[in-house]
Amino acid sequence: MLWNDLIHEELNKPYFQKLVQFLKEEDKNKTILPPKDDRLSCFKLTPYNEVKVVIIGQDPYHNIGQAHGLSFSVEKGAYPPSLKNIYKELVDDLSIKYPTTGNLSSWAKQGVLLLNTVLTVILHEPMSHQKKGWEEFTLEVVKRINEKDTPVVFILWGSHAIQFKAYLNNPKHLILTSVHPSPLSAHRGFFGSKPFSKTNQFLINHQIKPIDWEL
């Protein structure tokens, strides 16, 4: 399957046509993030047949220069608090050096689908594009990955992402859950959860090339 096939399929559905129209109107007089060309970046960088890992985020960062279509990733600039905590766990888990960039594109190119549930946001207004149709689309994406014959690791951080667990019933896959890496909850079970080493061990066990998490 190609992502383009899925997108084309969904485009013909009333909810998606409504979403497209909504975004056209929003783009006329508001700053919407990420920029148009980056809104589907995660699909461009991680083709369907190459997906090994899925990390589900909520909605894009809402400050200029941050969101570029990959969950938890920033194109440039300072690391947001959740990303700092992800990096702290990464370093502790794998004993590697602290990342020198907030851009997670290298993970995406290795088969880590960095999927936000909602793919757009108004500048400085978190969750402003919730319940406009994106959730239906991204749920369809998750369902299609669940159908894959090759094993996939789903990394679900926080109650929002963990809701997707209800749609993951393929015994081939591994589901890793913990609290969200946000400063409000990270100390309650995110730190020490070792998602990166567990992911790689699972991939190795299934003769799949592990992810080089170093950035």
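Below, a colleague and a modeller discuss the cavity, two pockets and one helix pair of a predicted model.

Colleague: How many cavities of 30 Å³ or more does the structure hold, and what volume has the largest cavity?

Modeller: The model is predicted. Counting from 30 Å³ upward, the structure holds one cavity. The volume of the largest cavity is about 40 Å³.

Colleague: Which residues line the largest cavity, and how do they divide by class?

Modeller: The lining consists of P34, R39, C42, P60, G69, N116 and L119. Pro, Cys and Leu count as nonpolar, Arg as charged, and Gly as polar. The division is therefore four nonpolar, two polar and one charged.

Colleague: What is the volume of the largest pocket, and which residues lie nearest its centre?

Modeller: The largest pocket has a volume of about 380 Å³. Its lining counts 21 residues. By class, these are 10 nonpolar, 10 polar and one charged. Nearest the centre lie Q58, D59, Y61, S82 and H180.

Colleague: How much space lies in the second largest pocket, and which residues line it?

Modeller: The second largest pocket holds about 280 Å³. Its lining has eight nonpolar, no polar and four charged residues. The residues are I7, L11, F16, L19, V20, L23, K24, D27, K36, R39, L40 and W134.

Colleague: Which element gives the largest share of the lining of the second largest pocket?

Modeller: Start with the lining, which includes I7, L11, F16 and L19. Two elements give two or more residues: helix 1 (3-11) and helix 2 (14-29). The largest share is six residues, and it comes from helix 2.

Colleague: At what angle do the axes of helix 2 and helix 6 cross, and is helix 2 parallel or oblique to helix 6?

Modeller: Helix 6 covers residues 134-146. The two axes come within 9 Å and cross at roughly 130°. Angles over 145 degrees would count as roughly antiparallel, and 65 to 115 as roughly perpendicular. The crossing angle therefore makes helix 2 oblique to helix 6.

Colleague: Is the crossing of helix 2 and helix 6 left-handed or right-handed?

Modeller: The axes of this pair come within 9 Å. The crossing of helix 2 and helix 6 is left-handed.

Colleague: Which residues of helix 6 does helix 2 meet?

Modeller: Helix 2 brings Y15, F16, L19 and L23 to the contact. The residues of this contact divide into six nonpolar, no polar and one charged. F16, L19, L23 and W134 also line the second largest pocket. On the helix 6 side, the residues met are W134, E136 and F137.

Conventions: Residues are numbered from 1 along each chain as its sequence is written. This is a predicted model: local features need pLDDT of at least 70, side-chain atom pairs count only at pLDDT 80 or more; totals for chains, interfaces and linings use all residues. Side-chain values use heavy atoms; hydrogens and water are left out. On a 1 Å grid over the protein atoms alone, a cavity is a set of points where a 1.4 Å probe fits but cannot get out, and a pocket is an open set with protein on both sides within 12 Å along at least five of seven lines; lining residues have an atom within 4 Å of a point. Grid points are joined across faces, edges and corners, and a volume is the space filled by probe spheres set on the points. Helices (H or I, at least four residues) and strands (E, at least two) are DSSP runs, numbered from the N terminus. Axes are lines fitted to C-alpha atoms, for helices over the stretch in contact, and angles run from 0 to 180 degrees between N-to-C directions. Angles under 35 degrees count as roughly parallel, over 145 as roughly antiparallel, 65 to 115 as roughly perpendicular and the rest as oblique. A crossing is left-handed if the near helix is turned anticlockwise from the far one by less than a right angle, and right-handed if clockwise. Contact means heavy atoms within 4.5 Å.
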